[in-house]
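Please find below a short note on the structure, set out as numbered points. It is written for a reader who has the sequence and the model at hand.

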Amino acid sequence: MVLFGPPGAGKGTQAQLLKNQLEVAHISSGDLFRHHLGQGTPLGLKAKDYMTKGELVPDEVTIDIILDKVMSVPDDEGFILDGFPRNPKQAQELETALAGRSRNLDKVVHIDVSEPELLRRLGNRFVCRTCQAPNTILEDKDIASNKCGQCGGELYQRDDDNLEAVKRRIEVYNEETMPLLRFYRERGVLVDIPGDNTVEEVNKQVIAALGLSPCVAAGQ
Ligand code: ADP
C-alpha cells in the first residue's frame with residue numbers, strides 16, 4: 001500500500017502504527033534521506049539542499065534507491081510506502097517495477113487535511129532521533145524535557161519544518177503530487193480518508209479501507 005497525503009497529514013504517524021499492526025515493511029523516502037543526511041553519505045549530501053528548501057529530490061537520485069527497497073521485500077510480503085511516489089514519473093516507474101514481479105498496489109490511502117491544520121501541526125512537530133516517530137509538542141511545553149512517546153528517544157525539530165520550507169512543501173505537493181490522485185483513482189485503488197480526526201480514528205478508517213477487521217486497529 002501507499003500512504004498518500006500532504007506534509008503533516010499524518011502519514012508517518014499512521015505508518016508507525018500500521019507497520020506494527022500488519023507486521024509489514026515500512027519504506028519512508030523522507031526517513032531514508034534523513035538517515036543518509038545524518039550519516040553524511042554522498043546521497044545525503046545530494047539530497048540536503050533540496051530537502052532544506054522543501055523541493056523534491058531529483059528523480060535520478062530518488063527512484064532507484066526507493067525501488068531497490070521495494071523490490072527487496074519478498075513477493076509474498078506486504079509493504080507500506082510513505083512519501084513515495086510524489087510525481088507522475090515516480091508513480092509510473094513504481095507501477096512498472098511491481099508489474100515486473102506480477103505485483104501491484106492493493107490500496108493508495110489518501111489522508112486529506114486542510115492547509116491551516118497542516119501549518120498548525122508542522123509548527124508543533126518534533127521527530128525522534130532514535131525511531132523517527134513524529135511527536136506533537138504544544139508551544140508552552142519545554143522541548144528538552146520531552147521524550148519520544150514511542151521509545152523515549154530524544155526529539156528534534158526538522159530543518160524543513162520552518163514556515164518558509166513548509167509553505168513550499170505544500171505548494172510542491174499541490175503542483176506535483178496531487179495529480180497522482182487521478183492516476184490512482186483511475187486504477188480503482190484510491191481511498192480518501194479525512195485526516196483532521198484523531199490519530200486513533202484515522203487509524204481505524206485506514207484499517208477499514210484495507211478491508212481488515214477493526215480488531216487489527218484495537219491490537220487484538
Ligand atoms: P513530508 O511528507 O512531511 O513533507 P518527508 O519526510 O516525506 O516529509 O520528505 C521530506 C523531504 O524529503 C521532501 O520535502 C523532499 O525534499 C524529500 N523527499 C522525500 N520523498 C521524496 C520523493 N519521493 N521524491 C523526491 N523527494 C523526496
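**Notes on a pocket, three strands and the salt bridges**

1. The second largest pocket has a volume of about 340 Å³. The structure is a predicted model, and the volume of this pocket should be read with that in mind. Its lining is made up of 16 residues, and those nearest the centre are Arg34, His35, Leu37, Gly38 and Tyr156. Two elements, helix H2 (29-39) and helix H3 (42-53), each give two or more residues to this lining. Helix H2 gives the most, with six residues. By residue class, the lining divides into seven charged, six polar and three nonpolar residues.

2. Arg34, named above among the residues nearest the pocket centre, also forms a salt bridge with Asp31, in which the closest N and O atoms are 3.0 Å apart. Both residues belong to helix H2 and lie three residues apart, about one turn of the helix. Arg34 and Asp31 are both buried.

3. A second pair within a helix deserves attention. Glu93 forms a salt bridge with Lys89, and the closest N and O atoms are 2.8 Å apart. Because Glu93 and Lys89 are four residues apart in helix H5 (residues 88-99), about one helical turn separates them. Side chains of opposite charge can pair when their charged atoms come close. Glu93 has a relative accessible area of 31%, so this residue counts as partly exposed. Lys89 is likewise partly exposed, at 43%.

4. Which residues are linked in a network of salt bridges? The network consists of Arg125, Arg158, Asp160, Asp161 and Arg169. Within it, the side chains of Asp160 and Arg169 meet at 3.8 Å, N to O. Asp160 and Arg169 are both buried. In the whole structure, the search finds 15 salt bridges.

5. The strands may be considered next. Strand E3 (residues 79-82) pairs in the parallel sense with strand E1 (residues 2-4) over two bridges. Strand E3 also pairs in the parallel sense with strand E2 (residues 25-28), over four bridges. Val2 stands opposite Leu81 in E3, and His26 stands opposite Ile80 in E3.

6. Are the side chains of strand E3 buried or exposed? Phe79 and Leu81 point one way from the strand, Ile80 and Asp82 point the other way, and all are buried. In a regular strand, side chains alternate between the two faces of the sheet.

Definitions and conventions:
Residues are numbered from 1 along each chain as its sequence is written. This is a predicted model: local features need pLDDT of at least 70, side-chain atom pairs count only at pLDDT 80 or more; totals for chains, interfaces and linings use all residues. Side-chain values use heavy atoms; hydrogens and water are left out. Buried means under 20% relative accessible area, exposed over 50%, partly exposed in between (1.4 Å probe, protein chains only). Two strands pair if DSSP finds at least two bridges between them. On a 1 Å grid over the protein atoms alone, a cavity is a set of points where a 1.4 Å probe fits but cannot get out, and a pocket is an open set with protein on both sides within 12 Å along at least five of seven lines; lining residues have an atom within 4 Å of a point. Grid points are joined across faces, edges and corners, and a volume is the space filled by probe spheres set on the points. Ala, Val, Leu, Ile, Met, Phe, Trp, Tyr, Cys and Pro count as nonpolar, Asp, Glu, Lys and Arg as charged, and the others, Gly among them, as polar. A salt bridge is a side-chain nitrogen of Lys or Arg within 4 Å of a carboxyl oxygen of Asp or Glu.
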